[in-house]
Amino acid sequence: MARCTGAWHAMAYRRGWRAVACAIGLVGCGIAAGAAWRGGLWGTLTGAVLVAVWLATLTWWLVVQHGLAPTLTSEAPRNAAADRLVLDAAPTPMVLIEGVNVRALNRAARRLFAADDRVVPAPGALIRSEDQYLRYEGRHYRIDRVTLGGAATERSVAALIDIEQEERVAEARATAEMIHVLGHELLNGLAPIVSLAESGEAALDRPDLDPALLREIMATLARRAEGLQRFTEGYRGLARLPVPRRTPTSLSGMADDLARLFNGRWPQIALTVQAADGPDWPLDHDQFHQALWAILQNAAEAATARRDQAACVMLTIRFGEDEMIAEVQDSGAGVEPEQATRIFRPFHTTKAEGTGIGLSLARQIALAHGGALDLLPLPPTTFRLTIPLHSA
């Protein structure tokens with residue numbers, strides 16, 4: 001658009017000077033024709049008249065026939081119409097906010113507010129620049145603002161993102177991923193069971209029945225079936241996580257209990273516990289204990305897997321103004337970048353005897369408390385679990 005505007009100005013500049021030169025030429029022809037008339041120079045008079053006619057025709061061609069007004073009147077509406085079509089095609093409602101006035105910019109916004117142009121009354125959340133969310137007609141929207149400069153009145157364009165629609169998309173994606181994981185794990189568990197059952201049937205059909213071989217096949221079959229049962233029970237436990245029952249809980253006392261359990265389970269690992277003195281925190285004691293134990297167990301397995309240095313694990317609990325922070329560090333080899341986004345997926349594990357439930361269950365418990373469980377990006381390997389004081 002800026003390039004077209006510059007070219008237009010350059011063209012106008014050139015054509016304007018040509019018109020001025022033609023006008024000066026006409027004035028000169030008029031003076032010459034007057035002098036020739038008074039002096040009786042008929043040949044000079046005829047030449048001046050012919051030159052004047054030619055200049056007048058050229059001036060008319062530059063100013064009238066190739067004027068600039070048609071360019072403006074044709075290009076500007078075409079660009080405005082194209083911009084309007086692009087805005088109307090956007091499915092996200094977009095509004096222009098000028099002070100206390102709100103105007104709908106596209107079809108989605110006009111449909112949402114049932115307004116052709118100005119939104120009356122203007123929702124207060126749109127007018128207040130510090131507000132980030134809008135509830136309108138029973139739906140929740142996130143307000144993404146872009147401030148426009150160059151005006152005395154504060155102007156901004158806001159896009160209204162349907163939060164519920166985003167949640168539905170995320171839920172559908174999580175459901176598809178869960179179905180994929182379940183299908184993969186069930187097939188992996190059933191395939192050897194089917195193969196062992198066929199081997200047992202073949203052993204029975206042999207004329208020289210070998211009881212020891214049949215017993216070995218049945219024992220392996222029982223172990224595989226038991227593993228599939230554990231997987232199914234783990235999934236059911238993860239899917240049926242109860243609503244947390246919050247009670248004031250002493251986190252220093254919980255840290256001591258976890259230290260005793262840890263030292264009994266992994267006496268060869270040096271465990272350091274730093275629990276700051278703080279208030280009793282409102283949380284579900286059993287669930288939070290289970291979450292921290294799952295993270296500690298993961299840290300212990302990672303620390304013992306590294307053979308080049310002594311295994312160490314640290315549990316730190318501290319308090320912020322409105323949140324509690326628990327961190328677990330280990331001396332393991334760390335998490336590969338491509339695994340960082342997968343370790344919290346249900347049933348995803350890189351250990352031969354792992355179930356892939358521990359970290360996923362710990363994150364579910366954190367989310368149920370309104371908090372979060374994250375893997376920090378910098379070494380050493382650190383899992384941070386936060387629980388806010390006030391959470392919905």
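In this predicted model, pLDDT stays under 50 over residues 66-73, a stretch for which the model nevertheless has 12 contacts beyond four places in sequence. Residues 1-13 also keep a pLDDT under 50, and here the model has 6 contacts beyond four places in sequence. Over the protein chain as a whole, pLDDT averages 75, and 64% of the residues score at least 70.

With that in mind, the overall layout can be introduced. The protein chain comprises 10 helices and 12 strands. It has 392 residues, of which 30% count as buried, and it exposes about 24400 Å², with 58% of this area supplied by carbon and sulfur atoms. Of the contacts between residues at least 6 apart in sequence, 57% join residues at least 24 apart.

A good place to look next is the interior. The largest nonpolar core holds 36 residues, and those touching the most other members are F262, F288, I295, V313, M324 and L385. At least two core residues come from each of α8 (251-265), β8 (281-283), α9 (285-305), β9 (312-319), β10 (323-330), α10 (358-368) and β12. Helix α9 gives the most, with 8 residues. Beyond its neighbours within four places in sequence, I295 is in contact with V328, L359, A362, L373, F383 and L385. A second core, separate from this one, has 15 residues, among them I97, A109, A125 and I143.

Aromatic rings offer another view of the fold. The whole structure contains 4 aromatic pairs. In one of them, the ring centres of W266 and W293 lie 5.7 Å apart with the planes at 35°, so the pair is tilted. These partners are 27 residues apart, W266 sitting in the loop between α8 and β7 (270-275) and W293 in helix α9. W266 is buried, at a relative accessible area of 6%, whereas W293 is partly exposed, at 22%. Another pair joins W281 and F319, whose ring centres are 5.5 Å apart and whose planes meet at 45°, so this pair is tilted. Here strand β8 carries W281 and strand β9 carries F319, 38 residues apart. W281 is buried, with a relative accessible area of 3%, while F319 is partly exposed, with 23%. In addition, F262, W266 and W293 form one aromatic cluster.

Finally, strand β12 (residues 381-388) includes T386. T386 has a relative accessible area of 16% and is therefore buried. Apart from neighbours within four places in sequence, its contacts are E323, M324, I325, G371 and A372.

Technical notes. Residues numbered from 1 in each chain as written. Predicted model: local features only at pLDDT ≥ 70, side-chain atom pairs only at ≥ 80, totals over all residues. Heavy atoms only, no water. pLDDT = per-residue confidence, 0-100. Contact = heavy atoms within 4.5 Å. Helix = DSSP H or I, 4+ residues; strand = E, 2+ residues; numbered from the N terminus. Buried < 20%, exposed > 50% of the residue type's maximum accessible area, 1.4 Å probe, protein only. Areas by Shrake-Rupley, 256 points an atom, 1.4 Å probe, with all protein chains shown as cover. Core = buried A, V, L, I, M, F, W, Y, C linked by side-chain atoms within 4.5 Å. Phe/Tyr/Trp six-rings, centres within 6.5 Å; stacked < 30°, edge-to-face > 60°.
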